[in-house]
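Good morning, colleagues. Please take a moment with the sequence and the coordinates before I begin.

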Amino acid sequence: MDLIKLEWVPLHKIKARHTTTKSLTRYSYHRYTNNHVPYIHIIRDKKGQLLLHKGIEAYNILKSQSPQITVPVYILEKQHITQLDWTLRLFQSCMQEKVNYKLKYEYIMLLLKETNNNIKRICENTGCSKNEIYQLIFDPTIPEKYKELAMKYNRRCIVNEIAKNPKLLNYRSVLYPAVFQKKNRLTYEKLKLFLTFLDAGYDFNVNSILALQNLNQVVDRDQALRYYWDHLTFPHTQIMEGVFYYKGDKNSKINVRL
């Protein structure tokens, strides 16, 4: 059985992994310094480090209002704890406690990175469901099948971008599949080109049987440039030794760097 102690420790010695400090409550730090009811639980590892475990809201308020104070905490001695295990515990606490969305999101992003997007492992070690995690990392309007594909192929960010941009509302039925094409995959650069296409006043028929093929042409930057180059006309000019001349007028000389 793990032995839990009550001790007073300097707050600045408690380590956490998050940077988000905004609180959902307006409590004074005095609420969290009660001698009889410590709100913060920490883990002391074999190196003597004090690792935040529970009481994240209390920790954030104390950290922002009075970081140099000494506070009562519950301490669990844990000789062996990896950074991933610690982060899993912190995320579990976030989901159980009253903390803001940004804090939960920060921890799930850490876990996705450190587990290589292993949602199953995160769920098994935190007691959270896949749906709870998806609510944190995906826009709710994204169809389930594209959430699964986004996790599998690490395309979460661009799928969310499509879902959240109001200009793309009427084009999602084509843009989502384009993200997961084996060839001509939709990238951020291509998506930016498509937005430029829309901003220029052009429209796009998503109901066409050739919709995906047409989209690939619209966002093909190289093809667009070749078309543009084919229609360019230049004045009769000559470049020689770093000097640019309009032929027929030797007085129109501009120095250029080659």
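I shall go through the sheet, the nonpolar core, one loop residue and the aromatic pairs.

Please keep in mind throughout that this is a predicted model.

I begin with the sheet. Five strands form an open sheet in the order β1-β5-β3-β4-β2, and the pairing is mixed. At the edges are β1 (4–10) and β2 (14–15), each of which pairs on one side only. Further in, β3 (residues 40–44) and β4 (residues 50–54) are antiparallel partners, joined over 4 bridges. One pair to look at is Arg 44 and its bridge partner in β4, Leu 50. Lying across β2, β3, β4 and β5 (70–77) is helix α2 (residues 83–96), which runs at about 35 degrees to β4.

Next, the core. The largest nonpolar core has 68 residues, and those that touch the most other members are Ile 14, Ile 40, Ile 108, Ile 137 and Phe 194. Which helix gives this core its largest share? It is α3, with 7 residues. As for Ile 108, if we set aside residues up to four places away in sequence, it touches Phe 91, Ile 122, Ile 133, Leu 136 and Ile 137.

Let me turn to the loop between α3 (101–114) and α4 (119–126), where we find Thr 115. Is this residue buried or exposed? Thr 115 has a relative accessible area of 8%, so it is buried. Beyond its neighbours within four places in sequence, Thr 115 is in contact with Leu 84, Arg 121 and Ile 122. Leu 84 is 31 residues away from Thr 115 in sequence, yet their C-alpha atoms are 8.2 Å apart.

Finally, the aromatic residues. The model has 9 aromatic pairs. In one of them, Phe 194 and Phe 197, the ring centres are 5.9 Å apart and the planes meet at 20 degrees; the pair is therefore stacked, as the angle is under 30 degrees. These two residues belong to helix α9 (residues 188–199) and are 3 residues apart, about one turn of the helix. Phe 197 also pairs with Tyr 202: with centres 5.1 Å apart and planes at 15 degrees, this pair is stacked too. The partners differ in burial, because Phe 197, at 19% relative accessibility, counts as buried, while Tyr 202, at 52%, counts as exposed. Taken together, ring pairs join Tyr 171, Phe 194, Phe 197, Tyr 202 and Phe 204 in a cluster. Phe 194 thus appears twice in this talk, as a member of that cluster and among the core residues that touch the most other members.

Definitions and conventions. Residues numbered from 1 in each chain as written. Predicted model: local features only at pLDDT ≥ 70, side-chain atom pairs only at ≥ 80, totals over all residues. Heavy atoms only, no water. Phe/Tyr/Trp six-rings, centres within 6.5 Å; stacked < 30°, edge-to-face > 60°. Buried < 20%, exposed > 50% of the residue type's maximum accessible area, 1.4 Å probe, protein only. Contact = heavy atoms within 4.5 Å. Core = buried A, V, L, I, M, F, W, Y, C linked by side-chain atoms within 4.5 Å. Pairing = 2+ DSSP bridges. Axes fitted to C-alpha atoms, helices over the stretch in contact; angles between N-to-C directions.
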